[in-house]
Amino acid sequence: MANTSVFTRADGSITLSTTSSDGAAAEAAQGIIDGNDLVTVGRATGVSVEVTSEMRPFHEIGQRYATELRPGNVSVRGSIGRAYLNGALLRLLLGEAADGRPAHSWVQPSFNITVLAENAAVPGVRSNLTLHGVKLERWNYTMPEDDFIVESVNFQALFLTVADEGA
């Protein structure tokens, strides 16, 4: 059933999780998530998720408009800002390299992000977006002159699933 409700940022929440099928990368992420009490990501702001699908138009000789659009690669990426700093997101980017330079190659943590939007005034109506196989690609720290200190991360995901509940 399609969800037709509107939500504000006060209706949203973000949780992190792992699946056992992701192996060593999931184990690395689970240790960081558990050790930093990061199952629920608090004080998040500026959350964005972007899904792009490359389109390849086919143009026949002598035709100005494409006669067919062929789907190409699909990419899932996004960003999360957070007005809180404890090193947990940086650890999810660097894994064991966050504590010092390893003498060898290391595993980059991989995890899932679930973004849930649910209005407390309309129980049972929610939108649930789960990003699978997420790896962080960039961490940024901003200290503005007259605002809160914010860390932010950019990420990529292998794929996403969506579930709408209610009407």
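These notes cover a surface patch, a cavity and a pocket in a predicted model.

1. On the surface, Val47, Val49, Val51 and Val74 make a nonpolar patch of about 300 Å². Strand β2, which runs over residues 44-58, gives the most to this patch, with 3 residues.

2. Val51, one of the residues of that patch, is found in strand β2. Val51 counts as partly exposed because its relative accessibility is 47%, and partly exposed covers the range between under 20%, which is buried, and over 50%, which is exposed.

3. Turning to enclosed space, a search of the whole structure finds 1 cavity of 30 Å³ or more, and about 50 Å³ of space lies in the largest cavity. Two elements, α2 (88-94) and β4 (111-118), are those that give two or more residues to its lining.

4. The lining of the largest cavity consists of Leu16, Val41, Ile80, Leu89, Leu92, Phe111, Ile113, Leu136 and Val153. By class, these divide into 9 nonpolar residues, with no polar and no charged ones.

5. The largest pocket holds about 350 Å³ of space and is lined by 18 residues, of which Arg9, Gly12, Ser13, Ile14 and Val47 lie nearest its centre. The elements giving two or more residues to this lining are β1 (12-17), β2 and β4, and β2 gives the most, with 6 residues.

6. In the lining of the largest pocket there are 11 nonpolar, 6 polar and 1 charged residues, whereas the lining of the largest cavity has no polar and no charged residues. Val47 appears both in the nonpolar surface patch and among the residues nearest the centre of the largest pocket.

How values were computed. Residues numbered from 1 in each chain as written. Predicted model: local features only at pLDDT ≥ 70, side-chain atom pairs only at ≥ 80, totals over all residues. Heavy atoms only, no water. Patch = residues over 30% accessible without salt bridge, like charges linked within 9 Å, V, L, I, M, F, W, Y side chains within 5 Å. Areas by Shrake-Rupley, 256 points an atom, 1.4 Å probe, with all protein chains shown as cover. Salt bridge = Lys/Arg side-chain N within 4 Å of Asp/Glu carboxyl O. Helix = DSSP H or I, 4+ residues; strand = E, 2+ residues; numbered from the N terminus. Buried < 20%, exposed > 50% of the residue type's maximum accessible area, 1.4 Å probe, protein only. 1 Å grid on protein atoms, 1.4 Å probe; cavity = no way out; pocket = protein on both sides within 12 Å on 5 of 7 lines; lining within 4 Å. Points joined across faces, edges and corners; volume = space filled by probe spheres on them. Nonpolar A, V, L, I, M, F, W, Y, C, P; charged D, E, K, R; others polar.
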